[in-house]
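Me: Could you teach me how to read a helix and a ligand shell in a protein model?

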Amino acid sequence: MQEYTFPAVAAARTGAARFMNACHHRQPDATPVWFMRQAGRCLPEYRALRSRYDSMMTMVRAPEISAQVTLMPIKAFGVDAAVIYSDIMLPLEEMGMNLEIKPDIGPVIHNPVRSLADIAALRVPSSEEITPYVMESIGLVRRELAGQQAVIGFAGAPFTLASYMIEGGPSRDYRQAKAMMYGQPELWDALMSKLADVVAHSLVAQVRAGADVVQVFDSWIGALNPHAYRRFVQPYMRRIFAAVKQTGAPAIHFGTGTAALLEAMAEAGGDIISIDWHVELDEAWARVGFERGVQGNLDPTLLLTSWPTIEAGMQDVLRRAANRPGHIFNLGHGVLPATDPGLLRQLVEAVHEATQR
Ligand code: CP3
């Protein structure tokens with residue numbers, strides 16, 4: 001397996017060095033910043049490009065287009081890392097899911113998984129064959145950034161992916177997925193085991209293709225309590241983080257609604273734990289342990305207000321981070337589509353300026 005190498009061309013004050021230093025728990029020259037869902041959504045240049053294609057899947061399957069969208073927020077916001085324009089759902093297609101991503105609705109699966117036979121029929125693509133167009137996009141982005149900004153690869157976590165596969169689309173309470181989990185644990189474990197392998201293959205392939213860091217999105221994990229998490233999710237997350245660890249690349253562990261789950265998530269793994277806005281950053285950091293890093297926390301809806309309100313939120317996050325190493329500035333969840341891009345740029349500049357060391 002390829003050994004992880006710190007970007008050789010990165011000088012101390014590049015976004016890449018800032019980002020990777022924080023991931024490795026070394027004090028960077030300033031606190032690094034990026035935003036979840038920074039590629040797309042609120043950018044007019046993204047919307048203009050998007051309107052020329054029937055589906056985002058078409059854009060993602062074209063590595064040049066994916067790379068172009070990935071680079072948009074670097075220029076627009078001045079963030080320290082690029083997150084690849086793709087989606088957590090894509091590997092599911094290769095497992096045999098008939099998948100569609102509907103605008104304003106989200107992922108829809110036309111052949112949801114309901115039985116042991118459905119699960120047995122799922123393919124597990126190897127790290128050599130998984131989403132080759134994503135790997136190509138990572139290579140293009142890495143070459144374009146030339147070590148100035150870090151490259152973030154990502155995958156959905158098994159629980160979040162399973163919720164779409166079982167429900168067949170977005171869900172409010174994940175009742176079918178949780179009914180399988182509690183009521184048919186042998187089916188659940190068979191599905192989660194396959195998903196853990198697919199996610200591990202995807203993340204390892206992304207690091208080999210040039211991702212500096214990977215983030216695992218367990219967006220809907222807040223539906224579980226700690227006991228259920230430890231029984232039905234944690235073993236699979238451990239397997240994934242162990243596979244990433246072998247590559248040497250740092251991993252970010254993300255979820256929302258996780259106030260009750262922070263300890264259990266940290267036990268599962270991740271060099272950086274992403275936290276949402278239901279908890280204070282200092283309290284959350286103490287709970288996951290100061291030997292780990294943290295990111296997130298700012299409420300994305302704050303960005304729908306005006307600068308003084310946003311700045312006060314930023315100052316609160318920075319005060320609670322207290323200059324500890326391992327802090328990555330981010331929102332608690334993705335950028336909302338109605339966000340003014342100018343405010344995001346202002347926020348990046350303000351965080352860098354306020355944290356100059
Ligand atoms: O972060 C980025 O900017 C990079 C690209 C990215 C997308 N999806 C692009 C996208 C990332 C990291 C994701 C992750 C993702 N996808 C998650 C986890 C993050 C989170 O927000 O919790 C989840 C749950 C999904 C599933 C998904 N894909 C949903 C719920 C939707 C609905 C629309 C939306 O914007 O959230 C999608 C579609 C999607 N993924 C779009 C984009 C830019 C919009 C599709 C379009 O333009 O038609």
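Here is our conversation about the chain, one of its helices and the ligand.

Me: What should I know before I start?
Reply: This is a predicted model, where local features need pLDDT of at least 70, side-chain atom pairs count only at pLDDT 80 or more, and totals for chains, interfaces and linings use all residues. Residues are numbered from 1 along each chain as its sequence is written.

Me: How many residues and what span does helix 4 have?
Reply: Helices are DSSP runs of H or I with at least four residues, numbered from the N terminus. The expected span is 1.5 Å times one less than the number of residues. Helix 4 covers residues 63-77, 15 in total, and reaches 22 Å from its first C-alpha to its last, close to the 21 Å expected. Gly78 follows helix 4 and has a positive phi, near 75 degrees.

Me: Why is helix 4 described as largely enclosed?
Reply: A residue is buried if 20 or more other C-beta atoms, placed from the backbone, lie within 10 Å of its own. In helix 4, 11 of the 15 residues are buried, so the rest of the structure largely encloses it. Among them are Ile65, Val69 and Phe77.

Me: Which residues come nearest to the ligand?
Reply: A residue is near a molecule if its C-beta atom, placed from the backbone, lies within 6 Å of it. Of the 21 residues around the ligand, Ala39, Gly40, Gly106, Phe217 and Ser219 come nearest.

Me: And across the chain, what percentage of residues count as buried?
Reply: Of its 357 residues, 51% count as buried. The C-alpha trace spans about 55 × 45 × 40 Å along its principal axes.

Technical notes:
Helix = DSSP H or I, 4+ residues; strand = E, 2+ residues; numbered from the N terminus. Buried ≥ 20, exposed ≤ 12 C-beta atoms within 10 Å, placed from the backbone.
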